[in-house]
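Grab a coffee and work through these exercises with the model open beside you. Try each task before reading its solution.

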Amino acid sequence: MKNLKSDWFLIETEQDYDAALARYEEVKYAERGTSEHKEKLLLAHLISNFEERTSELPEVDPVELIKIRMKDFGYKPIDLANEYGDKGTISKVLNYKQALSLTMIRKFSRLLHIPADALIAEYELR
């Protein structure tokens, strides 16, 4: 791993944001208690803060929002299944056959950088 970058400040530009995302990818699996782990937590907070200030979420249902963010991050349904643990359930959710559970909302909120309150809106199953 690269040396710890200890001079992180509020993210104010897209360049800062890109640098923070790149560094987060490098340290995201850091072991608890290490300097890199502390840096990861700080980066997650700074990235989230920047996204909240600069991103407007589209007015779509939670499943469509998940699909949009999957595309933004280049994720496939298997990536969600790896996070949640059940490929069949992910397929049902993405095809509007099953509603999101509280556990899914929490995990997908973190993974896809979507505020949890945007994922709790009601939507129709098909």
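**Exercise 1. Find the largest pocket and describe its lining.**

Step 1: start with the space itself. The largest pocket holds about 860 Å³. A pocket here is an open set of points on a 1 Å grid over the protein atoms alone, where a 1.4 Å probe fits, with protein on both sides within 12 Å along at least five of seven lines. Its volume is the space filled by probe spheres set on the points, which are joined across faces, edges and corners.

Step 2: look at who lines it. There are 26 lining residues, and Y24, S109, R110, L111 and H113 are the closest to the centre of the largest pocket. To count as lining, a residue needs an atom within 4 Å of a point.

Step 3: sort the lining by element. Two or more residues each come from α1 (14-27), α2 (35-54), α3 (62-73), α4 (77-84) and α6 (102-112). The largest share is that of α2, with six residues. Helices are DSSP runs of H or I with at least four residues, strands are runs of E with at least two, and both are numbered from the N terminus.

Step 4: sort it by chemistry. The lining has 12 nonpolar, nine charged and five polar residues. Nonpolar covers Ala, Val, Leu, Ile, Met, Phe, Trp, Tyr, Cys and Pro; charged covers Asp, Glu, Lys and Arg; the others, Gly among them, are polar.

Before going on, a word on the ground rules. This is a predicted model, in which local features need pLDDT of at least 70 and side-chain atom pairs count only at pLDDT 80 or more, while totals for chains, interfaces and linings use all residues. Residues are numbered from 1 along each chain as its sequence is written, and side-chain values use heavy atoms, with hydrogens and water left out.

**Exercise 2. Sketch the overall fold.**

Step 1: count the secondary structure. The protein chain has seven helices and zero strands, so the pattern along the sequence reads α-α-α-α-α-α-α.

Step 2: get the dimensions. The C-alpha trace spans about 50 × 30 × 20 Å along its principal axes.

Step 3: check burial and contacts. Of the 126 residues in the protein chain, 30% are buried. Buried means under 20% relative accessible area, exposed means over 50%, and partly exposed is in between (1.4 Å probe, protein chains only). Among contacts (heavy atoms within 4.5 Å) with a separation of 6 or more, 55% join residues 24 or more positions apart.

**Exercise 3. Work through the salt bridges.**

Step 1: count them. The total is four salt bridges, each a side-chain nitrogen of Lys or Arg within 4 Å of a carboxyl oxygen of Asp or Glu.

Step 2: take E39 and R23. Their closest N and O atoms are 2.8 Å apart. Because E39 sits in helix α2 and R23 in helix α1, this pair ties together parts that are 16 residues apart in sequence. E39 and R23 are both buried.

Step 3: try E25 and K28. This salt bridge has its closest N and O atoms 2.9 Å apart. E25 is partly exposed at 46% relative accessible area, and K28 is partly exposed at 25%.

Step 4: move to R69 and D72. Their side chains meet at 3.3 Å, N to O. They are three residues apart in helix α3, so about one helical turn separates them. R69 counts as buried at 13% relative accessibility, whereas D72 counts as exposed at 51%. Elsewhere, salt bridges with shared partners join R23, E26 and E39 into one network.

**Exercise 4. Follow α6 and track down two positive phi values.**

Step 1: list the buried residues of α6. They are M104, I105, F108, S109, L111 and L112. These residues pack against α3, α4, α5 (87-94) and α7 (116-119).

Step 2: step off the end of α6. H113 follows, with a positive phi near 55 degrees. H113 lies in the loop between α6 and α7 and is partly exposed at 27% relative accessibility.

Step 3: look at Y96. Its phi is near 60 degrees, a positive value in a residue other than glycine. Y96 is in the loop between α5 and α6 and counts as buried at 4% relative accessibility.
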